[in-house]
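User: Please take one part of this assembly and examine it closely, in terms that a first-year student can follow. I would like a single connected account rather than a list of separate remarks.

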Amino acid sequence: MHVIIDYIQSYLGSDQTPGAAGNWFWATVYVLLVFVGLSVAVIAMNWLERKILAHMQVRLGPMRVGPHGLLQPIADALKLLLKEDLIPSEADKTVFWIAPFIVVLAAFTVFVVVPFGPTHAITDMNIGILFMLGVSSLSVLGIVTAGWASNSHYPLIGALRSSAQMVSYEVAMGLAVVSVILMTSLNPTGTGTLSMIGIVRAQQAQGTWFIFKFFPLGLIGFFIFAVAMVAETNRAPFDLPEAESELTAGFHTEYSGFRWSLFFLAEYSAMIAVSSIAVTLWLGGWLRPFPNALQGARWDFFFALFPGITFLFLGALAIFSASRMPKHPYFRIQTLGLAGFAAVLVLIGAVLLYPPVSRVVQDVFWFSAKVAAFMYLYIWYRGTFPRYRFDQLMKVGWKVLLPTGLAVLILTATAGFFVR
Amino acid sequence: MAPVATPFFFYLLAATMIIGGVLVITRKNAVHSALALITALLAQAGIYLMLYAPFVAGVQIILYAGGIMVLFLFVIMLISIERTEKERQFNKQWLVGIATAGALGGLFIAVYTKGKSLFPEGRLSYPESGNTQGVADLLYGQHTGTYMFSFEIASLLLLVAIIGAVVMAKKRI
Amino acid sequence: MPDETKSPSTPLPEGEPKPTAGQPATPGAVKATPSGSVQSEIKAPSEKPSPTQVPKAAAPAAAKPATPAAGHPAPPKPAGPVPTPWESPMISKLKRTYGSGIEALAHLGQNYMTVDRSLLPEILQVLRDEEQFDYCVDLTAVHYPKREKQFDVVWVLYSFPRNERIRVKTLIADGDTLPSSVPLWTTTNWLEREVYDMFGIKFEGHPDLKRILLPDGWKGFPLRKDYGILQQDNEWVQINLGIESGQ
Amino acid sequence: MTDPRTLSPLELENPDKTYLDANELIINMGPQHPATHGVLRVILRLDGEKVLGLECVIGYLHRGVEKIAENRTYTMFNPYVDRMDYVAAVSNGLGYCEAVEKLLSVEAPPRAQYIRVILTELNRIASHQLWLGTHALDIGAITPLFYTFRDREEILKIFEKYCGARLTTHAFRIGGLQYEAYEGFEKDVKNFVSFVKPKIDEYEELLTTNRIWLERTKGVGVISGKDCIALGVTGPVLRASGVKWDIRKALPYANYKNFDFEVPIGTNGDTYDRYIVRMIEMRQSLRIIEQAVGGIPEGPIMAKVPKVMKPPVGEVYHSIEAPKGELGYFIVSDGSTQPYRVRVRPPSFVNLQALDLMCRNQLVADVIAVIGTLDIVLGEVDR
């Protein structure tokens with residue numbers, strides 16, 4: 001017993017990730033935390049997307065299930081789980097079964113190396129970014145097999161489009177990533193790193209986010225990645241594989257119920273994953289704004305307030321909404337529910353204001369806030385842009401992003417050479 | 001980090017690879033074969049990881065599993081599965097095939113039993129943390145880069161292959 | 001599209017004249033359903049001219065009254081405007097060329113000409129090429145079962161340069177075919193298909209003459225006056241639901 | 001551009017040919033498909049994603065309107081026409097009423113004419129708004145749909161206040177109007193005009209200069225004016241191909257002579273031009289409404305029409321410029337209370353015929369765009 005507690009405690013002071021420190025207990029805890037956090041994030045994202053999109057489109061979005069539709073994602077999830085799981089009779093059943101799992105596995109596995117903080121990652125791999133790109137590229141396998149296994153024309157076309165699209169945009173994405181890796185090598189030893197944590201530390205050491213490095217090269221590289229990542233995740237305006245108006249639902253046309261929800265889950269976690277890459281590579285990962293310019297205990301204290309204040313603000317918003325709920329008895333439960341939700345938010349905010357907690361949590365907070373900004377962008381794109389046509393999409397990928405990426409890579413290398 | 005349960009993972013990955021490899025040649029459905037091949041390739045990536053060669057493992061996943069196999073599937077999906085399923089899996093030269101496989105197996109066994117002196121005992125000389133840098137040094141290092149020339153030759157060859165493929169595939173340029 | 005698929009396969013009931021051998025389905029045959037005894041709304045004409053004689057026998061001007069409904073028993077007479085001759089340079093030119101095969105009238109401020117079947121292809125061609133009627137607005141038919149030549153087929157033409165709309169009408173008997181005007185106006189492709197679908201009038205030289213609005217296996221031609229709605233409903237209900245129709 | 005006359009049929013019945021060429025794929029789009037605007041079924045023959053040809057299969061919504069007409073009196077048939085192009089029910093009603101009026105040799109009184117024009121033009125805007133929303137949705141922009149539906153609601157409110165119905169309005173009667181304009185009608189219409197003007201700018205802001213929108217619509221589904229005329233395509237599609245022809249100007253009906261408006265034309269005949277033409281048409285409709293609503297004369301709203309209508313023997317073809325093109329009614333009277341034959345010349349039906357020509361050698365995604373830009377309503381195609 002003592003041994004176990006010692007084993008658990010031995011990690012606490014470590015400045016490494018649990019994976020790198022070889023602590024199985026904490027690694028497992030982190031895996032569970034990431035899994036639960038991701039699931040919650042997907043659920044929240046589902047609700048937020050519907051609400052934000054709705055408000056962009058002069059409508060209210062879900063309003064019935066729970067106050068302001070807060071319970072709608074849960075209701076949806078229940079519906080999907082209880083739904084009949086249809087398998088087309090002519091489908092290749094084994095492959096049809098496996099495909100969604102490949103996608104989900106790929107989408108979740110990448111989070112092994114995502115650094116939520118200097119020590120808040122499941123593990124820190126030497127080849128972190130390579131691992132992320134590699135594993136996320138596996139999800140295309142799931143999509144292709146799903147489209148093929150359905151044995152139907154629309155899914156097949158969706159799958160073809162999807163694989164072509166993902167393979168081509170991976171190239172541009174890779175070039176943008178390589179330019180960042182070149183930037184990490186601008187240190188006295190001249191050695192760069194592929195490790196996710198190492199990349200953030202390099203930004204810290206060089207005193208700038210890589211988006212501002214060699215202005216405008218970093219910015220252009222970031223832009224290339226930001227476009228490619230939308231295409232990688234099959235989101236509007238690059239949502240051709242599931243273009244509703246053309247291919248009904250693309251590669252998952254024949255899927256229903258639980259298996260369909262796996263695709264849904266995978267899509268959203270893939271969005272979070274690529275956003276995490278972008279945040280880590282260009283936006284300083286877990287670093288708070290101006291970590292070098294605004295140093296000192298006072299600034300540390302000031303920035304440590306943000307997580308708590310954010311939650312308090314959200315809580316206040318919920319209280320305000322609760323006070324504006326209709327006063328009809330019919331709405332009593334909903335009002336109470338919203339008030340309860342507000343109370344929970346305020347409580348979390350209060351806990352986060354407590355300095356020891358806020359110090360631990362603030363890295364995660366900044367990281368999540370940056371990712372959340374990307375998520376908002378995703379929704380915004382979807383509300384604004386029409387859909388590209390397939391040849392245009394390929395043209396953008398091969399004729400615009402790829403040459404630009406190459407140019408950025410070469411220019412970054414040149415700039416790096418002179419700086420050193 | 002100390003390796004954990006190394007033999008277990010080795011045998012697990014090796015078994016996966018072998019089963020995957022066997023499935024590749026026995027499945028009549030080409031897509032199933034491709035999926036089995038992907039499994040085998042992923043297991044191989046795992047073995048690279050165990051050899052403290054994470055860079056090779058990552059490249060294996062990106063290139064083989066993520067890139068090449070997707071293109072394989074791409075092609076396979078477009079051909080008629082019904083016809084391939086009717087075709088005979090083994091042709092008349094299966095005896096020769098078995099003989100060759102047996103010879104190769106014999107060679108492996110011979111190397112395993114006798115050849116300890118041929119290969120230095122132990123692992124790759126680079127530790128896990130420095131492996132990627134080590135690979136880079138071998139390829140591009142100013143003083144250590146012994147493979148620079150061959151690397152560039154290889155890339156030139158690939159470029160030629162790409163252009164050739166485009167020329168042959170495109171009816172009109 | 002083989003015609004056999006549309007014509008009823010069941011034998012014709014008693015009392016109906018057998019269609020001439022080799023002729024397509026006649027309106028009378030429409031009623032030839034399993035429940036052949038059910039009366040259609042309007043009786044098919046009992047006498048049928050031999051279609052082969054039609055082009056020659058029908059002297060075009062011969063008592064072709066201007067009003068299309070002339071074949072009907074005189075309805076209670078409301079006072080209304082009567083058609084007046086339509087006179088224009090175009091008409092006189094056409095009349096000079098084609099003589100009495102054309103009858104041009106104006107009614108309610110709208111001009112139309114009735115053209116003999118034999119002259120029709122030529123006149124349509126002339127109208128399009130020389131008189132610049134480049135836009136075929138519509139093509140449709142009207143069925144007068146009591147008349148010898150049962151169908152009015154009407155082209156509504158419009159000329160962009162002249163800003164003028166006219167109607168060209170021809171009369172044909174059941175079973176008669178018409179030359180397809182698809183080579184003249186592509187738009188008539190679907191319009192002819194619809195006329196075929198609804199009236200059973202065939203257009204020779206049409207690229208793909210098959211039913212358009214109704215399913216391929218449909219029996220009969222619904223817009224003919226002798227197409228029995230009740231009977232069709234009865235039949236459908238009996239075949240598909242196995243009960244008596246409540247109509 | 002291929003000459004429409006040389007288009008060959010698809011030869012779908014020849015399975016050998018399609019089977020042997022492995023590059024060709026036959027895809028069935030619809031009748032249950034999110035982007036075929038109803039129950040249109042399109043059989044596409046594809047080479048990869050390139051369309052080699054397509055065939056429309058229609059009739060899933062066929063209700064036999066023309067047959068029904070033969071069994072109803074003139075008055076009884078009036079509501080049926082609303083069910084054809086149900087997004088422009090008022091225009092349908094106008095065409096039918098005017099055709100029967102012509103047969104009866106009566107004319108609606110001026111006051112009725114003005115109100116008719118206002119309602120018809122409102123309906124044109126509503127129809128174009130619905131088109132814009134769904135068209136943009138097809139191309140992947142989901143937001144304009146909600147904007148247009150929000151603003152179309154205001155039109156439907158006016159309809160509802162006027163005649164109690166929103167969609168299938170049955171607003172007009174043969175000989176004029178049944179209902180006097182309600183109190184505040186003019187104010188409502190004026191308010192609507194000033195309300196919707198900035199909204200149309202809003203739609204344009206979202207789309208007109210949007211790069212993706214331009215890429216998706218420019219050069220897509222091109223049809224020349226000559227082909228349009230050969231195929232009988234009318235309405236905004238014809239005008240976008242550069243033919244300045246609008247029945248309101250060419251063969252004026254109702255009292256459109258009294259109003260001052262422009263007929264917009266395009267130059268390229270592509271999807272983008274059709275979009276622009278329709279946007280301008282909405283503005284021009286507002287202009288007509290502004291003129292009309294200021295000058296509604298006093299007077300009766302119904303001409304002297306007998307209770308039991310027995311038009312004299314004769315036939316008449318009358319057409320109007322519906323939002324989708326030339327909507328014509330060919331009515332044959334045998335002097336009885338029921339029309340002997342009513343033929344509807346549906347613009348959607350004729351325009352849909354151009355789909356094959358416009359989609360050849362384009363991509364699947366363009367088929368969707370072209371179906372959208374043709375602005376078809378299956379209720380009218382199938383009748």
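Analyst:
**The six-stranded sheet of chain C**

From one end of the sequence to the other, the elements of chain C come in the pattern α-α-β-α-β-β-α-β-β-β-β-α-β-α. This is a predicted model, in which local features need pLDDT (the predictor's confidence in each residue, from 0 to 100) of at least 70 and side-chain atom pairs count only at pLDDT 80 or more, while totals for chains, interfaces and linings use all residues. Residues are numbered from 1 along each chain as its sequence is written, and chains are lettered from A and ligands numbered from 1 in the order in which they are written.

The chain holds six helices and eight strands; helices (H or I, at least four residues) and strands (E, at least two) are DSSP runs, numbered from the N terminus. Of the 247 residues in chain C, 40% are buried, that is, with 20 or more other C-beta atoms, placed from the backbone, within 10 Å of their own (12 or fewer makes a residue exposed, and in between it is partly exposed). Contacts, meaning pairs of C-beta atoms, placed from the backbone, within 7 Å, also link distant parts of the sequence: among those between residues at least 6 apart in chain C, 56% join residues at least 24 apart.

Six strands of chain C build an open sheet, in the order S1-S2-S3-S6-S5-S4 and with mixed pairing. Strand S1 (84–85) and S4 of chain C occupy the edges with a single partner strand each, so one side of each has no neighbour in the sheet. Strands pair if DSSP finds at least two bridges between them.

We may now follow the individual pairs. Strand S2 (residues 102–107) of chain C is joined to strand S3 (residues 110–115) of chain C by six bridges, in the antiparallel sense. Within this pair, Glu103(C) faces Thr114(C), a residue of S3(C).

A second run of antiparallel pairing involves S4(C), S5(C) and S6(C). Eight bridges hold S4(C) and S5(C) together, and the two run antiparallel; one of the positions is that of Thr140(C), whose bridge partner in S5(C) is Val154(C). On to the next neighbour, S5(C) and S6(C) are antiparallel as well and share nine bridges. Here Tyr158(C) lies opposite Arg165(C) of S6(C). The hairpin made by S5(C) and S6(C) has four residues between its strands, and Asn163(C) adopts a positive phi near 50° in it. As for its surroundings, S5(C) is mostly covered, with eight of its nine residues buried.

Helices pack against this sheet. Helix H4 (residues 120–129) of chain C lies across S3, S5 and S6 of chain C, and runs at about 170° to S6(C). H5(C) also packs on the sheet, where it touches S4 and S5 of chain C, and its direction makes about 5° with that of S4(C). Such angles run from 0 to 180 degrees between N-to-C directions, with axes fitted as lines to C-alpha atoms, for helices over the stretch in contact.

Parts of the sheet also meet another chain. The contact between chains C and D takes 39 residues from chain C and 41 residues from chain D. On the side of chain C that touches chain D, strand S4 (135–143), strand S5 (151–159), strand S6 (164–172) and helix H5 (188–199) of chain C each supply at least two residues. The greatest contribution to that side is made by S4(C), with six residues. Sorted by class, the same side of chain C has 24 nonpolar, 10 polar and five charged residues. In this count Ala, Val, Leu, Ile, Met, Phe, Trp, Tyr, Cys and Pro are nonpolar, Asp, Glu, Lys and Arg are charged, and the others, Gly among them, are polar.

Finally, one residue of chain C deserves a place in the wider picture. The largest nonpolar core (buried Ala, Val, Leu, Ile, Met, Phe, Trp, Tyr and Cys residues joined through C-beta atoms within 7 Å) contains 314 residues, and Leu157(C) is among those that touch the most other members, together with Val103(A), Ala228(A), Ile118(D), Leu355(D) and Val367(D). The element that gives the most to this core is helix H7 (residues 153–184) of chain A, with 17 residues. In soluble globular proteins, nonpolar side chains tend to be buried together.

Key
Contact = placed C-beta atoms within 7 Å.
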